[in-house]
Amino acid sequence: MIGLLNTLAVFATGFLVRPFGALVFGRLGDLIGRKYAFLMTLLIMGGATTAIGLVPTYEQIGILAPLIVLVLRLLQGLALGGEYGGAATYVAEHAPDGRRGFYTSFIQTTATLGLFVSLAVILAVRLSMSPEAFNAWGWRIPFLLSSVLLVLSAWMRVRLQESPLFQQLKAQGKTSQAPIRETLRNWKLVLLALLGATAGQAVVWYTGQFYSLVYLQNTLKVDFVTANTIVAVALALGTPFFIVFGHLSDRIGRKPIMMAGNLIAALTYYPLYQLMHQYAANPAMLTFLVWIQVIYVTMVYGPIAAFLVETFPGKIRYTALSLPYHLGNGWFGGLTPYISASVVASTGNIYAGVWYPTAVALITFLVGTFFLKETNVISIWQETHPGEVTAD
């Protein structure tokens, strides 16, 4: 268990710096443009990920090896702090009012699809060699393969045009000269977006897609290949529902879908993990139980990008939406596997790992239900064309 906690602690370090990356790259995105800021985040993230596969072993350079990995994880966290806000803002500012949930829901699929692809690559590499070879050097292959995606993604982003809404704001002199200061001046709105939306979304996301894997492997003792296959299949089957709920949020609102996802998750996590323990020897049933958790993820995550975009004004949008998103996903969500595993270790209760995500999801449901305003009726294009409605 100590080894698991140490691994999860290193994993968590990148999440702790994400809010700082949100401020750094969010500011650049609001000052010079969405395209260039999230091109920079891609290069830093991709470069750090590839470099992890090149780090010498502990036997070769001693304590420097884990320190280098730690620095690279911090760089990944900083870059990711600006990546999501750039993608969400860029896509949303191309989307017509009335269909923003549908358009941005495709962004939401990318995190889950990325996890699915990474699990598939890890499984393929692991099955192609002995466990000893994989532990010795095979684990580096997925990191090195990411360099191919880095080159392809960078080429695509260089060819992108700037967000039309940002271009209009800049042409009209409506951009902010101090986006961080203006964001912090709106701290009540940032705090409401955090506690009423992103904190619960984050713990539901990391419980369904990360802690479930930790639980399978370390509590239920499901073997490496089977556990990863279970999660991969559940992710593949659940991913289309991001688009379903994103599209539905255009019709009935972002708030009811996100709040329902938080409440259902809070009420059912404990019995779900009891069932996972009961069916520990049944991969098909375990896949179904993880898939249910992925559906919760799609409910809280599918509409979140559109909600955050519509919550904050265009002149500070990149910075303002990135901050609560990464406070939620970096601190509340990213720490979920570590906190949950720690609670299990300290209590000896194998189900205690769901106490934390249950509590946070319930808090978000209560805060969001009573204090959040519905945003799907907002026309962000009116910032540049007051009085006009551009919804389809």
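This is a short tutorial dialogue on reading features of the structure shown above.

Student: Before we start, what kind of model is this?

Tutor: This is a predicted model, where local features need pLDDT of at least 70 and side-chain atom pairs count only at pLDDT 80 or more, while totals for chains, interfaces and linings use all residues. Residues are numbered from 1 along each chain as its sequence is written, and side-chain values use heavy atoms, with hydrogens and water left out.

Student: Okay, big picture. How many helices and strands are there in the protein?

Tutor: Helices (H or I, at least four residues) and strands (E, at least two) are DSSP runs, numbered from the N terminus. Here you get 19 helices and zero strands. The radius of gyration, taken over C-alpha atoms, is compared with a globule rule of 2.2 Å times the number of residues to the power 0.38. For this protein the radius is 21 Å, close to the 21 Å the rule gives for 392 residues, so it is as compact as a globular protein of that length. Along the principal axes, the C-alpha atoms fill a box of roughly 65 × 45 × 30 Å.

Student: And what share of the residues is buried?

Tutor: Start with the cut-offs: buried means under 20% relative accessible area, exposed over 50%, and partly exposed in between (1.4 Å probe, protein chains only). Buried residues make up 53% of the 392 in the protein. As for contact, that means heavy atoms within 4.5 Å. Among contacts between residues at least 6 apart in sequence, 85% join residues at least 24 apart.

Student: Let's zoom in. How do I read a single helix, say helix 12?

Tutor: First check its length against an expected span, which is 1.5 Å times one less than its number of residues. Helix 12 covers residues 224-238, and its 15 residues reach 21 Å from first C-alpha to last, close to the 21 Å expected. Then look at what is buried: Ala227, Asn228, Ile230, Val231, Ala232, Ala234, Leu235 and Gly238. An α-helix has 3.6 residues a turn, so residues three or four places apart point the same way.

Student: Which helices do those buried residues pack against?

Tutor: They pack against helix 6 (100-127), helix 11 (187-219), helix 13 (240-252) and helix 15 (283-301). Have a look at the start of helix 12 too, where a side-chain oxygen of aspartate 223 comes to within 3.2 Å of the backbone nitrogen of valine 225.

Student: Now the rings. How do I describe an aromatic pair?

Tutor: A pair of aromatic rings is described by the distance of the centres and the angle of the planes. Rings of Phe, Tyr and Trp (its six-membered ring) pair if their centres lie within 6.5 Å; planes under 30 degrees apart count as stacked, over 60 as edge-to-face and the rest as tilted. That rule gives 20 aromatic pairs. Take tryptophan 139 and phenylalanine 143: centres 6.0 Å apart and planes at 80°, so this pair is edge-to-face. Tryptophan 139 is partly exposed at 27% relative accessibility, and phenylalanine 143 is partly exposed at 26%.

Student: What about tyrosine 206 and phenylalanine 210?

Tutor: Their ring centres are 5.4 Å apart with planes at 25°, so that pair is stacked. Tyrosine 206 and phenylalanine 210 sit four residues apart in helix 11, separated by about one helical turn. Tyrosine 206 is buried at 6% relative accessibility, whereas phenylalanine 210 is partly exposed at 22%. Both belong to one aromatic cluster with Tyr84, Trp205, Phe242, Tyr301 and Tyr325.

Student: Which residues have the most contacts inside the largest nonpolar core?

Tutor: A nonpolar core is a set of buried Ala, Val, Leu, Ile, Met, Phe, Trp, Tyr and Cys residues joined through side-chain atoms within 4.5 Å. The largest one has 73 residues, and Val204, Leu216, Tyr273, Met276 and Tyr301 have the most contacts inside it. Helix 11 supplies the largest share of this core, 14 residues. A second, separate core of five residues includes Ala48, Ile52, Val55 and Leu72.

Student: Tyrosine 301 keeps coming up. What does tyrosine 301 touch?

Tutor: Not counting residues up to four places away in sequence, tyrosine 301 touches Tyr84, Gln108, Ala111, Gln201, Trp205, Phe242 and Tyr325.

Student: One last spot: where is glycine 33 found?

Tutor: Glycine 33 is in the loop between helix 2 (18-31) and helix 3 (34-52). At 0% relative accessibility, glycine 33 counts as buried. Beyond its neighbours within four places in sequence, glycine 33 is in contact with Leu28, Glu162 and Phe166.

Definitions and conventions: Polar contact = N/O pair within 3.5 Å; in protein donor to acceptor, adjacent residues only side chain to side chain.
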